[in-house]
Amino acid sequence: MDLRVGKSKKLEGQIKVPGDKSISHRAVILGSLAKGPTKIKNFLMGADCLSTIECLRAMGIEFNQVDGSAIIVNGRGLRGLREPEDILNVGNSGTTIRLMTGLLAGQPFLSILTGDSSIRKRPMGRVTEPLKEMGASISGRQNATLAPLAIQGGPLRPIKFVSPVASAQVKSAILLAGLYAKAQTTVWEPHKSRDHTERMLAYLGAEIEVRDRVVKISGSTSLEGKPVEVPGDISSAAFFMVAAAIVPGSQLRINRVGINPTRTGIIDALGSMGADITIINEDVVNEEPVGDIVVRGGGLRGTVLEGALIPRLIDEIPVLTVAAALAQGETIIRDATELKVKETNRISTMAAELRKMGVEIKEQSDGMVVNGGAVLKGAFCDSHDDHRVAMSIAVAGLMAEGETVIKNRECINVSFPGFEKLLKKLVT
Ligand code: S3P
C-alpha cells in the first residue's frame, strides 16, 4: 500500500511517540531471565519487538497483556528457558537475531534462528565469531556469517572481547552470553554505542561495571523482576523533530522521550544545524533519562557528522539527510559505513529516493555529501521495505511541491505503528 504526503504549512501541537524499540527488546529479554514478574509500561508493540516476544514464548516464557501497551513478563530465572520446538523467526529484526544469538549461546539446547530476506543478508559473523570463541557451537550459511544460524549452546568461557565495530547489538550479545560464563567477560568498543543493556542489567541486579567504552559482566548472577517504564523512542521522535525543524513556523512538543546520552546525537546534530530545540521536564525511569523535547521551525545550515557522534545517531541519518537537503550549504556525513548493513544500504536507498525529489547527493564509501538548499518536488518513491526510509521520505514530502507517494509503507509497523495518524494530526 502507498503512503501519500502533501506539502505542509506547519506542524503544531504536543505528542507522545511509542516506546523505545531498543529498550522494549531488552525489557522482555532480561525480564524473561529475571526471577518473578516484570511489568513493562509503554512497551513498543511494533513488529520487531513482537518478534522478540514470539521467540521467548517459543522457549516457554509467558506474557500477559495488561492493556494497550502494558505487558507482564513472567520471568523464569537465568536457567528457565526451554528448547524451542521449531525454528525461531526474527522477521526483520536485527536486534532480535543478534541479542538472541548471544542469549542462546549459553543455553543447554539447540536452537535455529532465521528472519526475512533483509535479515538473511545482514552480517552475523560479528556476533557468531566471539560467541564461538566463548565455546558455543554455531553454524550457518557462509561459515556462520549469515542466517539461518543453528546454535548449540552450553557452558561458556569468559573472554576479553575487542569489538571492531561500535555496535550495541554486538556488545549486548556478548554481555548476554557473559551472564552464562564462569567468570568476568569484558567488552571494549571503538566508540560508545547505546548502553540500554548495561543500564537494564544494573537495574535488575546484575554484577556489571561500566567505564567509558569498557563493560565487564560477571557470570551466573541472578536478576530480579522489577517494573519498567519504556521511554518514548527518540529514533521515532526524530522524524517529527526534523519535520518541525524544516517546516517554518512549526512548534512541537514531544513528551517523555528517552534522552540517554548514547542516543541524543540527533539533538546535537540538529543543534549544530541551527535548529531551536529545548528539553524540559527531565526525569529518570529505570536508570534511563527522559524529558520533553520542544522544537521550533526555522532556517537550518549544513554541518559535518562524523566520528563518535555517528553511533549516537546512526538510525537518524536517513531523516538527517532530509534536514541536510533543506539546509543552506553542504552537509558531510562520514565514518558511517555501518549504514550499508542496516535494514537496507541506507546510503544508497536514501540517495536514490531523495534524488527523485530533486536533491543532489553524492554517495561516498563511508557516508554521503548532501547539497543543501534543495527545492523539493513530490515524486513516486519506494520504501525499499525499510521503515526508516519510508518515514524519512514522508518527512521530505512535507516540504515538497505536489504529492509524494511512498510505495510499500507497511514496513513502518516495524518500529512506529501509528506514524501516519500522528503525522496527520499535527500537520496543517
Ligand atoms: C540497536 C543497535 C543499533 C541500531 C539498531 C538497534 C539495538 O544497531 O542501529 O536499530 O537495539 O541494539 P547496531 O548495534 O548494529 O549498531
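Biologist: Which residue has a polar backbone atom 3.0 Å from an oxygen atom of the ligand?

Modeller: Bear in mind that this is a predicted model. The ligand has Lys 21, Ser 22, Ser 167, Ala 168 and Gln 169 among the residues around it. The contact at 3.0 Å runs from a ligand oxygen to the backbone, and the residue is Ala 168.

Biologist: And which residue puts a polar side-chain atom 2.6 Å from an oxygen atom of the ligand?

Modeller: Two serines come up here, so to speak, and the distance sorts them out. For Ser 22, a side-chain N or O atom is 2.7 Å from a ligand oxygen. The 2.6 Å contact, also to an oxygen atom of the ligand, belongs to the side chain of Ser 167.

Biologist: How much of the ligand's exposed area does the protein bury?

Modeller: Start with the ligand by itself, which exposes 390 Å². Put the protein back, and the share of that area it buries is 95%.

Biologist: What is the volume of the largest pocket?

Modeller: Its lining has 36 residues, and the closest to the centre are Ala 166, Ser 167, Ile 314, Glu 338 and Lys 342. Helices α1 (21-33), α3 (94-105) and α6 (168-178) each give two or more residues to that lining. As for the volume, the pocket comes to about 550 Å³.

Biologist: How many charged residues are in the lining of the largest pocket?

Modeller: Domain 1 (3-19 + 231-426) and domain 2 (21-229) each supply at least three residues to this lining. By class, there are 10 nonpolar and 10 polar residues, and the charged ones number 16.

Biologist: Where does the second largest pocket lie?

Modeller: This pocket is about 230 Å³ in volume. Its 17 lining residues include Ser 117, Ser 118, Lys 121, Glu 343 and Thr 344, the ones nearest its centre. Both domains give residues to the lining, so the pocket lies between domain 1 (3-19 + 231-426) and domain 2 (21-229).

Biologist: How many polar residues line the second largest pocket?

Modeller: Split the lining by class. There are 4 nonpolar and 7 charged residues, and the polar count is 6.

Biologist: What about closed space: what is the volume of the largest cavity?

Modeller: Rolling a water-sized probe over the atoms shows where empty space is left. With a cut-off of 30 Å³ or more, the structure holds 1 cavity. Its lining includes Asp 20, His 196, Asn 260, Arg 263 and Glu 288, and divides into 4 nonpolar, 4 polar and 3 charged residues. The volume is about 40 Å³.

Biologist: Which peptide bond is cis?

Modeller: Most peptide bonds are trans. Here, Pro 148 sits in strand β9 (residues 146-152). The bond with omega near 0 degrees is the one from Ala 147 to Pro 148.

Biologist: Which residue has a positive phi of about 55 degrees although it is not a glycine?

Modeller: Most residues other than glycine have a negative phi. The one to look at is in the loop between β12 (208-211) and β13 (214-218). With phi at about 55 degrees, that residue is Asp 212.

Definitions and conventions: Residues are numbered from 1 along each chain as its sequence is written. This is a predicted model: local features need pLDDT of at least 70, side-chain atom pairs count only at pLDDT 80 or more; totals for chains, interfaces and linings use all residues. Side-chain values use heavy atoms; hydrogens and water are left out. On a 1 Å grid over the protein atoms alone, a cavity is a set of points where a 1.4 Å probe fits but cannot get out, and a pocket is an open set with protein on both sides within 12 Å along at least five of seven lines; lining residues have an atom within 4 Å of a point. Grid points are joined across faces, edges and corners, and a volume is the space filled by probe spheres set on the points. Helices (H or I, at least four residues) and strands (E, at least two) are DSSP runs, numbered from the N terminus. Ala, Val, Leu, Ile, Met, Phe, Trp, Tyr, Cys and Pro count as nonpolar, Asp, Glu, Lys and Arg as charged, and the others, Gly among them, as polar. Domain bounds come from an automatic or database domain assignment. A residue is near a molecule or strand if one of its heavy atoms lies within 4 Å of it. A polar contact is a pair of N or O atoms within 3.5 Å; within protein, one must be able to donate a hydrogen and the other to accept it, and residues adjacent in sequence count only if both atoms are side-chain atoms. Accessible areas come from the Shrake-Rupley method with a 1.4 Å probe; for residues, only the protein chains shown count as cover.
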